[in-house]
Amino acid sequence: CEALCHVLGNTCRILRTAKSYEWNASGRGAILAQRCFREQAEELDAAIDPIADHILGLGGSAILDYSDSVVAVNPPSTSAIPSLADMITNLAEGHVQANHSVGAAIDIAREIDETPTVQILAIRVDAHRAFHRRLLLVSDQF
């Protein structure tokens with residue numbers, strides 16, 4: 001449950017960052033990037049309840065673990081909003097880092113033969129990899 005809470009926290013953090021970047025993207029390529037950020041935010045948002053429900057089903061408490069610094073959450077001021085290129089880079093790196101914590105949780109789930117947890121986490125691995133690839137394609141557009 002602790003490892004799943006870590007995954008849940010990272011999912012919430014990347015969701016908030018993707019939404020912030022969608023709302024604050026500007027410049028050449030912004031429309032394409034905003035679409036990409038929005039798609040990621042929608043998928044991440046849809047992933048939160050199943051992860052939290054699974055934690056509760058295992059008898060744990062769905063506590064958001066923000067101990068990992070996956071990506072910056074909501075810039076505090078307009079002067080701190082990153083460039084569009086930096087947004088894409090930050091989010092892509094966030095997906096790579098999040099996949100590391102998902103991988104660690106999968107290892108734990110496999111050790112205790114918790115197949116439903118492995119299945120849920122495998123979906124997260126696929127999603128983070130797909131988002132990372134998509135962000136790299138978007139960055140090549142400009």
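Relative accessible area sorts residues into buried (under 20%), exposed (over 50%) and partly exposed in between, using a 1.4 Å probe and protein chains only. Keep those classes in mind as we walk through this model, which is predicted, so local features need pLDDT of at least 70 and side-chain atom pairs count only at pLDDT 80 or more, while totals for chains, interfaces and linings use all residues. Residues are numbered from 1 along each chain as its sequence is written, and side-chain values use heavy atoms, with hydrogens and water left out.

Let's begin with the helices. Helices are DSSP runs of H or I with at least four residues, strands are runs of E with at least two, and both are numbered from the N terminus. The expected span of a helix is 1.5 Å times one less than its number of residues. For the 28 residues of H2 that gives 40 Å, and the end C-alpha atoms are 41 Å apart, so the two values agree. Helix H3 (residues 84-111) also has 28 residues and an expected span of 40 Å, in agreement with the 41 Å between its end C-alpha atoms. After H2 comes glycine 59, with a positive phi near 95 degrees. Aspartate 113, just after H3, has a positive phi too, of about 55 degrees.

Now to the charged pairs. A salt bridge here is a side-chain nitrogen of Lys or Arg within 4 Å of a carboxyl oxygen of Asp or Glu. By this rule there are three salt bridges. One of them joins glutamate 22 to arginine 38, with the closest N and O atoms 2.8 Å apart. Because glutamate 22 sits in helix H1 (residues 2-24) and arginine 38 in helix H2 (residues 30-57), this pair ties together parts that are 16 residues apart in sequence. Glutamate 22 is buried at 14% relative accessible area, whereas arginine 38 is partly exposed at 36%.

Helix H2 also reaches across to H4. Glutamate 39 forms a salt bridge with arginine 134, and their closest N and O atoms are 2.3 Å apart. Glutamate 39 belongs to H2 and arginine 134 to H4 (residues 115-140), so parts 95 residues apart in sequence are tied together. Both partners are partly exposed: glutamate 39 at 34% relative accessibility and arginine 134 at 26%.

Glutamate 43 pairs with arginine 124 in another salt bridge, with 2.8 Å between the closest N and O atoms. Here again H2 supplies the glutamate and H4 the arginine, so the link ties together parts 81 residues apart in sequence. Glutamate 43 is partly exposed at 25%, but arginine 124 is buried at 2%.

Look next at the surface, where Glu42, Asp45, Asp49 and Asp53 gather in a patch of negative charge. Patch residues have over 30% relative accessible area and no salt bridge; like charges are joined within 9 Å, and nonpolar side chains (Val, Leu, Ile, Met, Phe, Trp, Tyr) within 5 Å. Within the patch, aspartate 45 is found in helix H2 and is partly exposed at 43% relative accessibility.

Two further residues round out the tour. Alanine 33 lies in helix H2 and is buried, with a relative accessible area of 0%. Its C-alpha is 34 Å from that of cysteine 1, which is 32 residues away in sequence. Threonine 89, in helix H3, is partly exposed at 38%. Threonine 89 and arginine 124 are 35 residues apart in sequence and 20 Å apart in space, C-alpha to C-alpha.

Definitions and conventions: Accessible areas come from the Shrake-Rupley method with a 1.4 Å probe; for residues, only the protein chains shown count as cover. Lys and Arg count as positive and Asp and Glu as negative; His and the chain ends are not counted. The place of a charge is taken as NZ of Lys, CZ of Arg, CG of Asp or CD of Glu.
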